[in-house]
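Grab a pencil and get the viewer ready. Here are two short exercises to work through.

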Amino acid sequence: MTEEHERREGHEGREGHAVQGIPVETLAREFGTPVYVYDAAVISEQFHALRDRLHPAVEIFYSLKANPNVSVCALLHRLGARAEISSLVELATVMTAGVPADQTLFLGPGKSEAEIEACLKVGILALICESIEELALIDRTAGRLGVTARVVLRVNPSFSVKGSGLTMGGKPRQFGIDEELLLSSTSLAAAHPSVRLTGVQAYLGTRFLSEETIVANTARILELAERIAAHVGFALELVDVGGGLGVAYFAGERDLDVELLTDGVNPLAEDFSARHPGTRLVMELGRYLVARSGLYVTSVRYVKESMGERFAVADGGTNHHLTAVGIGSPVKRNFPMRLLNRKGAAESARWNVTGPLCTPNDTIGRGVELPADLRAGDLLGVDRSGAYGPTASPVFFLSHGYPAEVMVHRGKAQLIRRRDAVDDLLGPQTLIPLR
Ligand SMILES: *Cc1c(COP(=O)(O)O)cnc(C)c1O
């Protein structure tokens, strides 16, 4: 429990059962449940913790993938983040949020011609290219539009790294172009006259919680970028060192020590900038920026016992929060969860927290320690849920739809996405005449 408490220090510990002073019960009454509540102050705190210590040459890009809500994106933009996107809707989102195109990077292994064209038309900072065939399509599209496409090469490095929930380098992957292929190719630039190669990107994994590993990865990517640029023959205008910075979710994990991290990364940035004055350095971050800000709130509908185990059946579950099922681990590990509307009995019990789906997999907490007197109507919260929540969940399963999302900004709670209604799910469908 002490470890648990330590881990929850900060946002959750400080705020108790309120977000910026607004009781969660009030929020639940106003906006209904299930609902995601994002604390804008926590996003700001996370951003500044890093921004204020990170070498000024390193720019922070927000990966919308982690939480694509337009208000979340706009908030991060106001704080000073740029954007990294992977679809037309994400492009529309950043435009709506006010992020200039030249502060936006587009990345993804399966870009369509329509996506490439849209990016070129708005003047995106760069397309991050993931294959030789894609490079040819970018070249043709730019040629047709009469523009020059700025392209950053995503490299699948020959080396791999440890300490990530998901290893990217040193393996056959659909992402990026193999380092070896780039080092053996000649005339890449000459063969694509409507492309200007401007940089190198590599992304080595997600959920890194070791400062040492992140520093070592950064050093290797900077060195890789120099090697690739020298061989392929272009000036490095930008190096994107990936990111994948994690936050602690589970017992035994601890949050990154930003000071330790920047003590390691900043000298690398300083050295690199001295060798390459004017080259932009980019760190792309999703989870780190938004995870801590989010609280997923559900209401308990029923409590029951089955063969000696206790179940709290709530109105939302994995259909909104698949990430809570467990990431990168065969064993079920629980996200931090708590009872939000009252103190509850001093005596605790082990609860399985489940949702409304008709599958045993709809269990967001297994054997979670919660008050023994849990009952229908109680509000349960899953902390650290601001990243990879509904966006990474099967929200259409059993036709429950997307949950409501609320942002608390400067002490005021506002709906930033209404929950799906029947028409949002049934509307796009067509009943054909059958006989
Ligand atoms: C998913 C992804 C990110 C964001 O990852 P986080 O771990 O959430 O920071 C950044 N870059 C690329 C290429 C990604 O695929």
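Below come some ground rules, then the exercises with their solutions. This is a predicted model, where local features need pLDDT of at least 70, side-chain atom pairs count only at pLDDT 80 or more, and totals for chains, interfaces and linings use all residues. Residues are numbered from 1 along each chain as its sequence is written, and side-chain values use heavy atoms, leaving out hydrogens and water.

**Exercise 1.** Find which residues come nearest to the ligand, and look at their polar contacts.

*Step 1.* The ligand has 14 residues around it (a heavy atom within 4 Å). Lys-65, Thr-206, Glu-284, Arg-287 and Tyr-388 come nearest.

*Step 2.* Now check for polar contacts, meaning pairs of N or O atoms within 3.5 Å. A ligand nitrogen sits 2.5 Å from a side-chain N or O atom of Glu-284. A ligand oxygen is 2.9 Å from such an atom in Lys-65, and an oxygen of the ligand is 2.5 Å from one in Tyr-388.

*Step 3.* How much of the ligand does the protein cover? On its own the ligand has 390 Å² of accessible area (Shrake-Rupley method, 1.4 Å probe), and the protein covers 94% of that.

**Exercise 2.** Work out how the buried residues of helix α6 are arranged.

*Step 1.* In α6 (residues 88–97; helices are DSSP runs of H or I, at least four residues), the buried ones (under 20% relative accessible area, 1.4 Å probe, protein chains only) are Glu-90, Leu-91, Thr-93, Val-94 and Ala-97.

*Step 2.* Look down the axis of α6: these buried residues fall within an arc of 160° (using directions from the helix axis to the C-beta atoms), so they line one face.

*Step 3.* On the other side of α6, Val-89 and Thr-96 are exposed (over 50%).

How values were computed: A polar contact is a pair of N or O atoms within 3.5 Å; within protein, one must be able to donate a hydrogen and the other to accept it, and residues adjacent in sequence count only if both atoms are side-chain atoms. Helices (H or I, at least four residues) and strands (E, at least two) are DSSP runs, numbered from the N terminus.
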